[in-house]
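Visitor: I have a model open and want to learn to read how its helices pack. Where do we start?

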Amino acid sequence: MERLKACYAAYIAAAERAEENSSKWNGAFGIGESTKYHPCHDSFYKVMEKWSKAFVEQNPTQAQAEEAVRFIFETTEEYRDTIVYWYMFAAHGFTRPLIPLVSREFAAEMLAFYNTHYPRHYRMPVQQEVFKLLKKQGKA
């Protein structure tokens, strides 16, 4: 779990540095580069992919899987309307192998959270897949 939190903290710090070091006009009118294209975003996604594989290989307990899923979903929501939001939103896909490990009650709780914060019209295909997995696990 500490490694997951470190991935997020490093990403947030890198994105904040990129924002601080860029001109407020970067990306405006197609001039310069917007920080939304900064390499820290892709780097975060790749780090999360490695974290996910390593975490699953460690055979996490139900409690560990639940803590990771909750952290990923809730942290994303905390950063809504920021430069890091969309990559955190995309990282929801890394919860797919964890959802079958969580309890039925937890899945139902996260399903309600997901439906409230990420309604159907807002979801991308990966979030729709996560939603379906939560729904299935909540009925198991």
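Guide: Start with a pair. Two packed helices are described by the angle between their axes and the distance between the axes. In this predicted model, the axes of H1 and H2 cross at roughly 180° and come within 10 Å.

Visitor: Are H1 and H2 roughly parallel or antiparallel to each other?

Guide: Angles over 145 degrees count as roughly antiparallel. H1 and H2 are therefore roughly antiparallel to each other.

Visitor: Which residues of H1 and H2 make the contact?

Guide: H1 brings Arg3, Leu4, Cys7, Tyr8, Tyr11, Ala14 and Ala15. H2 answers with Cys40, His41, Phe44, Val47, Met48, Lys50, Trp51 and Ala54. Sort them by class: 12 are nonpolar, 1 is polar and 2 are charged.

Visitor: Now another pair. At what angle do H3 and H5 pack?

Guide: The angle is about 10°, and the axes lie 11 Å apart. Angles under 35 degrees count as roughly parallel, so H3 and H5 are roughly parallel to each other.

Visitor: Which residues in H3 and H5 meet?

Guide: From H3, look at Glu66, Val69, Arg70, Phe73, Glu74 and Glu77. In H5 they meet Phe106, Glu109, Met110, Phe113, Tyr114 and His117. By class, this contact has 6 nonpolar, 1 polar and 5 charged residues.

Visitor: How do I read the core?

Guide: General idea first. In soluble globular proteins, nonpolar side chains tend to be buried together. Here the largest nonpolar core has 37 residues. Leu4, Tyr8, Met48, Trp51, Ile72, Phe73 and Leu134 have the most contacts inside it.

Visitor: Which elements give two or more residues to this core?

Guide: They are H1 (2–21), H2 (39–57), H3 (62–78), H4 (85–90), H5 (104–117) and H6 (125–139). H1 gives the most, with 7 residues.

Visitor: Pick one core residue. What does Met48 touch?

Guide: Leave out residues up to four places away in sequence. Met48 then touches Leu4, Cys7, Tyr8, Ile72, Ala91 and Phe94. Leu4, Cys7 and Tyr8 are also on the H1 side of the contact with H2.

Visitor: And the whole chain?

Guide: Count the elements: 6 helices and 0 strands. The pattern along the sequence is α-α-α-α-α-α. The C-alpha trace spans about 50 × 35 × 20 Å along its principal axes.

Visitor: How much of the chain is buried, and how much area is exposed?

Guide: Buried residues make up 39% of the 140 residues. The chain exposes about 8200 Å², with carbon and sulfur atoms supplying 53% of it.

Visitor: What share of contacts joins residues at least 24 apart?

Guide: Take contacts between residues at least 6 apart in sequence. Of those, 77% join residues at least 24 apart.

Conventions
Residues are numbered from 1 along each chain as its sequence is written. This is a predicted model: local features need pLDDT of at least 70, side-chain atom pairs count only at pLDDT 80 or more; totals for chains, interfaces and linings use all residues. Side-chain values use heavy atoms; hydrogens and water are left out. A nonpolar core is a set of buried Ala, Val, Leu, Ile, Met, Phe, Trp, Tyr and Cys residues joined through side-chain atoms within 4.5 Å. Buried means under 20% relative accessible area, exposed over 50%, partly exposed in between (1.4 Å probe, protein chains only). Helices (H or I, at least four residues) and strands (E, at least two) are DSSP runs, numbered from the N terminus. Contact means heavy atoms within 4.5 Å. Axes are lines fitted to C-alpha atoms, for helices over the stretch in contact, and angles run from 0 to 180 degrees between N-to-C directions. Angles under 35 degrees count as roughly parallel, over 145 as roughly antiparallel, 65 to 115 as roughly perpendicular and the rest as oblique. Ala, Val, Leu, Ile, Met, Phe, Trp, Tyr, Cys and Pro count as nonpolar, Asp, Glu, Lys and Arg as charged, and the others, Gly among them, as polar. Accessible areas come from the Shrake-Rupley method with a 1.4 Å probe; for residues, only the protein chains shown count as cover.
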